[in-house]
Amino acid sequence: MSSSPLSKKRRLSGTETKTGSHCSSSNSVRTDLSHTPANGMAKNGNDADIDEGLYSRQLYVLGHAAMKRMQNSNVLISGMRGLGVEIAKTVILGGVRSVTVHDQGVAEWRDLSSQFYIREEDLGKNRAEVSQSRLAELNNYVPVAAYTGALTEDFLTKFQVVVLTISTMEEQQKVGEFCHSKGIKIIVADTRGLFGQLFCDFGEEMIVHDTNGEQPLSAMISMITKDNPGVVTCLDEARHGFESGDFVTFSEVQGMTELNGCQPVEIKVLGPYTFSICDTAGFTDYVRGGIVSQVKMPKKFTFKSISSSMAEPEFIMTDFGKFERPAQLHVGFQAIHAFQKKHNRLPAPWNQADGEEMLTLAKELNSAQSGSAKVEQLDEALVKKMCYVAAGDLAPVNAFIGGLAAQEVMKACTGKFMPIMQWLYFDALECLAEEEGVVLTEEECAPRNSRYDGQIAVFGTKLQDLLAKQRYFLVGAGAIGCELLKNFAMIGLASGEGEVIVTDMDTIEKSNLNRQFLFRQSDVTKMKSDTAAAAVKQMNPSIKITGHQNRVGPDTERIYDDDFFESLDGVANALDNVDARLYMDRRCVYYRKPLLESGTLGTKGNVQVVIPFLTESYSSSQDPPEKSIPICTLKNFPNAIEHTLQWARDEFEGLFKQPPENALQYLSDPKFMERTLKLPGGQSAELLEAVYKSLVTDCPHSFADCVAWARNHWQCQYSNNIRQLLHNFPPDQLTSSGAPFWSGPKRCPHPLEFSTSNDLHIDYIMAAANLFAQTYGIESCTDRADVVKFSQEVKVPNFTPRSGVKIHVSDQELQNSNSSVDDSRLEELKVLLPPPESSQFKLCAIDFEKDDDTNFHMDFIVAASNLRAENYDIPPTDRHNSKLIAGKIIPAIATTTAAVVGLVCLELIKIVQGHKKLETFKNGFMNLSLPFFAFSEPIAAPRHKYYEIEWTLWDRFEVSGLQPSGEEMTLRQFLDFFKVWLLLLFVSPQGLLY
């Protein structure tokens, strides 16, 4: 019997390198990671348990090993203005060992424009001390301390990662050089109005364990040549997905067994289905089968100190449309520091004299450069704009740069993902006036002892007045919703005559607390929308906000009706499913309202802005549908753990949800039988058989009966059905072409033998019996000893495989089959079923809930899936990974959410100002793990033309039903109106088209 491989191309749940035979090639490497970097970084971490209930979504991004390394890291964040508190908030949510916040300054009016943990009554108090208690509430596992002294060398040695914000150039260089010499990771983050800067120095020897965070690929092998180098050919069902330079290892290869368990081998891709490996000329002949699996190899990176890197900078691009911008901003930020050092203040907002002086300083600095930092031609207009807005402090820019900086902290702590090498610059100058040459006055942007002074310094008071009047609908109060509300409060949205309406029908769960930072442990089970609204009112008491608990959809159109939508200035989506997004997009197109759309997936995030009459809508382009698993693969030929988990989910629905639902319909719906008998093919008999089993043959009267049912079902699924499959297709079966039937994607199974001493077997019986009992209202039992005892008492019928049983090999064969209807059995079932009115059943259908560890749902899924995996010799997976796949969980992390929402709110500022040029707006995509950023102008609304008439999706026929005289339009007037349009639309040179 051939042992067939896993799926042709899939993601593996584990990344451990196998040990065993060595592939004799210079490309085969063995990395020694016994060296421990300074300060204990990149160790495996302590053995402290990770609270999976709290960190579950983040764990699917970072993994357990990285989380444990992060739990060993003490982090210092210096500077508690808006940027510093944003970084601190996100790092604390992430779960480091401890965070110390540092600041020697006191709260000022301009801090309130972005420092969401400072209140007006805190003005004049130390920013670090005020922020500490509120930051400490975010995560009970992370101690937060405040420090107000000087950053001495002795103090800095307590930390593995140091973050500097609002620091002088001298302090950056002094602390940076010390940290570099001591192996302390340092990040410098800064924002100046619409500009942002980020610098990373992770030392002379930074080990990155995983540069991209993607799950390792796997492919099935069809051939390996004996050559130097050997060439591996994969099955041609899908591309292997590997890249040259990747490392792979092999398993389940028949014939050329020297490759099985070899050390990771570097490959060179030759084509979409082929790649070369090491010298295989001396190996035994390849016979068949085998799996090639990608292995993530640690990589070492060397960083320059800040002083060295300042002169010879490397830049990460944030916008490829601004290719020359980073070098210009590199000089510009130095000029701001030079101006501040000279005058002991920042340049005054939109002050022409300060702008000229800073330009002179920038030219002097640039002339003094001797390395690659020197730019050939300084962009004078850009430098002046930097000067004009340098005193600004914008919450959206802080959110974007702060989210990135917090992700770099996590990279420094964990060695997970590719760090920024080493400078990143960002600007959002498109937020300024679209017209060329528009310059605000000093008077418009001067400080007013207002909480919005940091924003007024950039945009003046006119924008502030517009923001206060906005009426916005926020759909969703989850992670993105919380970040949006925080930014809304900081920028002053709806702080006057306007209003923010936020709706979310969900309650707060523990797993939300890791990302949805407006919620606390004491808020669990409360409504998200109301709790979030109350939290942002604390941040800015002026914001007018109303919480709803409604799902958006046709059912709530009586609430969110014409009057509601017509009163809005715009909509912001914070949704977690495509259907709701499409619905809201249709409503925004219908009512011609701007829509801010965004989403995240782990470290990936996207932003889309939809502007009436200007851009396409969200629905204009959609992702392709997810590839489904063939039915026959699930039923009989699984080859990956994803297949067994989906099979287990189908089992759950088919055992504990659908049968009781059908039985309840039979008992309560008088027309159930009539409808059922009209079903096509054999569906009517199949459905009535299921109802008969639920009400008669399988109906339990005690928990022991439930155990008996579970034990017999175990026997059927993991022994009898497998024996029948092997009876139909023996292990040595050949296809019509003479090839082994059990090869390629088909793994030959084997039946299991039940044992009460096997924990997995009893796990299954325990979960299945309790769930079955729940569907009948029978009291549950959690005593394993009782379950074992009941299992031993079950008399399992003997089974003999039968001939003539049809098992479909492909979905096409299944579709072509005709299911016959046994009319006599149908009539018999109609008689055998108990009369609905005489039944006293307490049936209950169970809806799958993945996040409750006490309800037996995931216990059943894990046991059912891993038992089936054992049938087919598929490596099992743990509960954590099973929950990810079976529960279709979206991995999430607070860093991406913060950064994405920062970009969303920059687009909001453009909308409120009334920007009309397509090139002003920015759709964005980011992947913080790489890191990678891409911005583009939105796609214009496609224009359609029929002769002289042009229109887009935003255009429509508008009929005023009420005449100027106050009379309602008559039917004749209505028809006359459309006659005019029909003539315009359908007149051609040849005459009227009918």
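This is a short talk that walks through two sheets, a few buried residues, and the cavities and pockets of one structure.

Hi everyone, and thanks for coming. Please keep in mind that what you see on the screen is a predicted model.

Let's start with a sheet. Eight strands, or 8 if you are reading my slide, form an open sheet in the order β4-β3-β2-β5-β6-β7-β18-β17, and the pairing is mixed. Which strands stand at the edges? They are β4, residues 144-147, and β17, residues 315-316; each has a single partner strand, so one side of each has no neighbour in the sheet. As a reminder for anyone new to this, strands of a sheet pair through backbone hydrogen bonds, either parallel or antiparallel.

Now look at one pair in that order. Strand β2, residues 74-78, runs parallel to strand β5, residues 161-164, and 4 bridges join them. If you want a spot to click on, Ile77 stands opposite Val163 in β5. Helix α11, residues 395-414, packs on the sheet and touches β2, β5, β6, β7 and β18. The direction of α11 makes about 175° with that of β6. Then there is α8, which lies across β6 (185-192), β7 (195-201), β17 and β18, and runs at about 85° to β18.

Two loop residues come next. Met421 has its place in the loop between α11 and β18. Is Met421 buried or exposed? With a relative accessible area of 14%, Met421 is buried. Leaving out residues up to four places away in sequence, Met421 touches Thr302, Phe303, Glu314, Phe315 and Ile316. Here is a pair to find on your screens: the C-alpha atoms of Met421 and Phe199 are separated by 8.0 Å, with the two residues 222 apart along the chain.

The other loop residue is Asn351, in the loop between α8 and α9, where α9 covers 352-368. Asn351 counts as buried because its relative accessibility is 13%, and the cut-off for buried is under 20%. Again leaving out residues up to four places away in sequence, Asn351 touches Tyr388 and Glu442.

Let me turn to strand β11, residues 247-251. How many of its residues are buried? The count is 5 of 5. On one side sit Phe247, Thr249 and Ser251, on the other Val248 and Phe250, and both faces are covered. Strand β11 pairs antiparallel with β12, residues 265-266, through 2 bridges, and there Phe247 stands opposite Glu266. Strand β11 also pairs antiparallel with β15, residues 291-295, this time through 5 bridges, and Thr249 stands opposite Ser293.

On to another sheet. This one is also open, with 8 strands in the order β21-β20-β19-β22-β23-β24-β25-β26 and mixed pairing. Its edge strands are β21 (545-548) and β26 (932-936); each has a single partner strand, so one side of each is left without a neighbour in the sheet. On average, neighbouring strands here are turned by 10° against each other, direction ignored. Inside the order, β22 (570-573) and β23 (595-601) pair in the parallel sense over 2 bridges, with Leu595 in β23 as the bridge partner of Val571. Helix α16, residues 528-539, packs on this sheet, touching β20 (499-503) and β21, and its direction makes about 165° with that of β21. Helix α30 packs on the sheet too, touching β19 (471-475), β23, β24 (604-610), β25 and β26.

Finally, the empty spaces. How many cavities of 30 Å³ or more does the structure hold? It holds 4, and the largest has a volume of about 210 Å³. Its lining has 21 residues, and the closest to the centre are Asp319, Lys322, Phe426, Asp427 and Phe935. We meet α30 again here, since it gives the most to that lining, with 4 residues. By class, the lining has 10 nonpolar, 3 polar and 8 charged residues.

The second largest pocket holds about 1,900 Å³ of space. It is lined by 44 residues, with Lys635, Glu651, Gly654, Glu686 and Gln717 nearest its centre. Helix α20 gives the most, with 10 residues, and the lining divides into 20 nonpolar, 13 polar and 11 charged residues.

That's my tour. Thanks for listening!

Technical notes
Residues numbered from 1 in each chain as written. Predicted model: local features only at pLDDT ≥ 70, side-chain atom pairs only at ≥ 80, totals over all residues. Heavy atoms only, no water. 1 Å grid on protein atoms, 1.4 Å probe; cavity = no way out; pocket = protein on both sides within 12 Å on 5 of 7 lines; lining within 4 Å. Points joined across faces, edges and corners; volume = space filled by probe spheres on them. Nonpolar A, V, L, I, M, F, W, Y, C, P; charged D, E, K, R; others polar. Pairing = 2+ DSSP bridges. Contact = heavy atoms within 4.5 Å. Axes fitted to C-alpha atoms, helices over the stretch in contact; angles between N-to-C directions. Buried < 20%, exposed > 50% of the residue type's maximum accessible area, 1.4 Å probe, protein only.
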